[in-house]
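Subject: Structure for your review

Dear colleague,

Please find the structure below, followed by an account of what was found in it. I should be grateful if you would read the two side by side.

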Amino acid sequence: MPTYESPNLFIDFARLPPPAVIETIRYEDLLDLYQDRVLKANPALEKALQLEQSPINIVLETEAYGEMMVRARVNAAARAVMLPFAVGSDLDVLGALYNEARLPLVDNPRPYTTNPEDWEGDTRFRSRVQMAPEAFTTAGSAGSYIYHAKSADPTILDASVMKVDRRGGIKVSIMNSGASPVPTTDQINKVTQRLLRPNIKPLTDVVSVTPVKVIYTDLVARVVLYPGPDAAIIRQTITDNLQSLRSRIALIGRDLTRAAITDALYVEGVQNVNLTSPAADIVAETDTCVWLRSADVTINGTRTE
């Protein structure tokens, strides 16, 4: 399992607490606020405020809705200047602060504002911006090697780096983002050419770029349901959970544990889970990824009352 000291590599934006500047907005609270202000200014209007369709209530409801929209716009503006939340052109501006730009996915990309499909997606671009400070040290640190590897080609999903000997040997493993995790020869060549640039590679490092090692596995399980729930709904929920699990572990150094699989299968309405394969936890090394090829989940009847 990769262990990196750099905060640019292990800070998970999804686990950060909600920023205090982003306000939770409720229309009902704003309406109550406006009504309380009116009552304090003129208590004689209390009965009028109790009538939902009274003219004064209609005016206050309109004002409360307008206030809600203004506060939502303030929230949106706050998110636009935060790397974990910025999207689209707002993220492009934040990237420019680190001298980073989106990578094109095609040879002749059209403008991002009209054709974002021609360009690197927000999630990947955000991760490169997060790692951009690592590039200030050329490729001397683990983070800078990963940054430069992912910047060499937008189709590279992940990269890892490890020291292989005491003579400066460095192995960079890369992973493809396509239907197969194994990178193409073209991807390997692009990463190699970038890492060997004189202004990137430390003079004493001996760098090699290799395909990620892949542990292929298939999931086989049987689930027993409680009486009553619609099996089709449960099956769809399980499918969605397994897709999410596959996305989470389809990175270099991510383990696939039986506990994670059981958690994905044990949804509302499931009475028991019998997991046949994998028979044990699959642990991925620094240069290895786990690839879940298929999932065969059988609904094995319902529990007898």
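What is the volume of the second largest pocket? In this predicted model, the second largest pocket has a volume of about 230 Å³. Two elements each give two or more residues to its lining, namely helix 9 (231-249) and strand 6 (288-302). The residues that line this pocket are R235, I238, T239, L242, Q243, R246, L292, R293, S294, A295, V297 and I299. By character, the lining divides into six nonpolar, three polar and three charged residues.

Strand 6 also bounds a loop that deserves attention. P278 lies in the loop between strand 5 (270-277) and strand 6. The peptide bond that leads from S277 to P278 is cis, and its omega is near 5°. Most peptide bonds are trans, and most residues other than glycine have a negative phi.

The backbone of N99 is to be read against that second tendency. N99 is not a glycine, yet its phi is positive, near 60°. This residue is placed in the loop between helix 5 and helix 6. With a relative accessibility of 71%, N99 counts as exposed, because the cut-off for that class is over 50%.

Two glutamates of the loop between helix 5 and helix 6 may be taken next. E100 is found in this loop, and so is E120, with helix 6 given as residues 122-131. Are these residues buried or exposed? E100, at 9% relative accessibility, counts as buried, and E120, at 1%, counts as buried too; the cut-off for buried is under 20%.

The surroundings of each can be listed, with residues up to four places away in sequence left out. E100 touches D92, G95, F125, R128, V129, A132 and Y147. For E120, the contacts are A101, R102, L103, L105, F125 and R128. F125 and R128 thus appear in the contacts of E100 and in those of E120. R128 is 28 residues from E100 along the chain, and the C-alpha atoms of the two are separated by 8.1 Å.

I turn now to helix 4. Why does the length of helix 4 agree with its number of residues? Helix 4 covers residues 55-80, which makes 26 residues; at 1.5 Å a residue it should span 38 Å, and its end C-alpha atoms are indeed 38 Å apart. The buried residues in this helix are N57, L60, A64, M68, N75, A78 and A80. Among the elements that cover them are helix 2 (27-41), helix 3 (46-49) and helix 5 (88-97).

The last site is T210, a residue of strand 3 (residues 206-211). Its relative accessibility is 21%, and T210 therefore counts as partly exposed. Which residues does T210 contact, leaving aside its neighbours within four places in sequence? They are K171, V172, S173 and I174. With S173 there is a polar contact between the two side chains, at 3.5 Å. As for V172, its C-alpha atom is separated from that of T210 by 6.2 Å, although the two residues are 38 apart along the chain.

With kind regards

Conventions:
Residues are numbered from 1 along each chain as its sequence is written. This is a predicted model: local features need pLDDT of at least 70, side-chain atom pairs count only at pLDDT 80 or more; totals for chains, interfaces and linings use all residues. Side-chain values use heavy atoms; hydrogens and water are left out. Helices (H or I, at least four residues) and strands (E, at least two) are DSSP runs, numbered from the N terminus. The expected span of a helix is 1.5 Å times one less than its number of residues. Buried means under 20% relative accessible area, exposed over 50%, partly exposed in between (1.4 Å probe, protein chains only). Contact means heavy atoms within 4.5 Å. A polar contact is a pair of N or O atoms within 3.5 Å; within protein, one must be able to donate a hydrogen and the other to accept it, and residues adjacent in sequence count only if both atoms are side-chain atoms. On a 1 Å grid over the protein atoms alone, a cavity is a set of points where a 1.4 Å probe fits but cannot get out, and a pocket is an open set with protein on both sides within 12 Å along at least five of seven lines; lining residues have an atom within 4 Å of a point. Grid points are joined across faces, edges and corners, and a volume is the space filled by probe spheres set on the points. Ala, Val, Leu, Ile, Met, Phe, Trp, Tyr, Cys and Pro count as nonpolar, Asp, Glu, Lys and Arg as charged, and the others, Gly among them, as polar.
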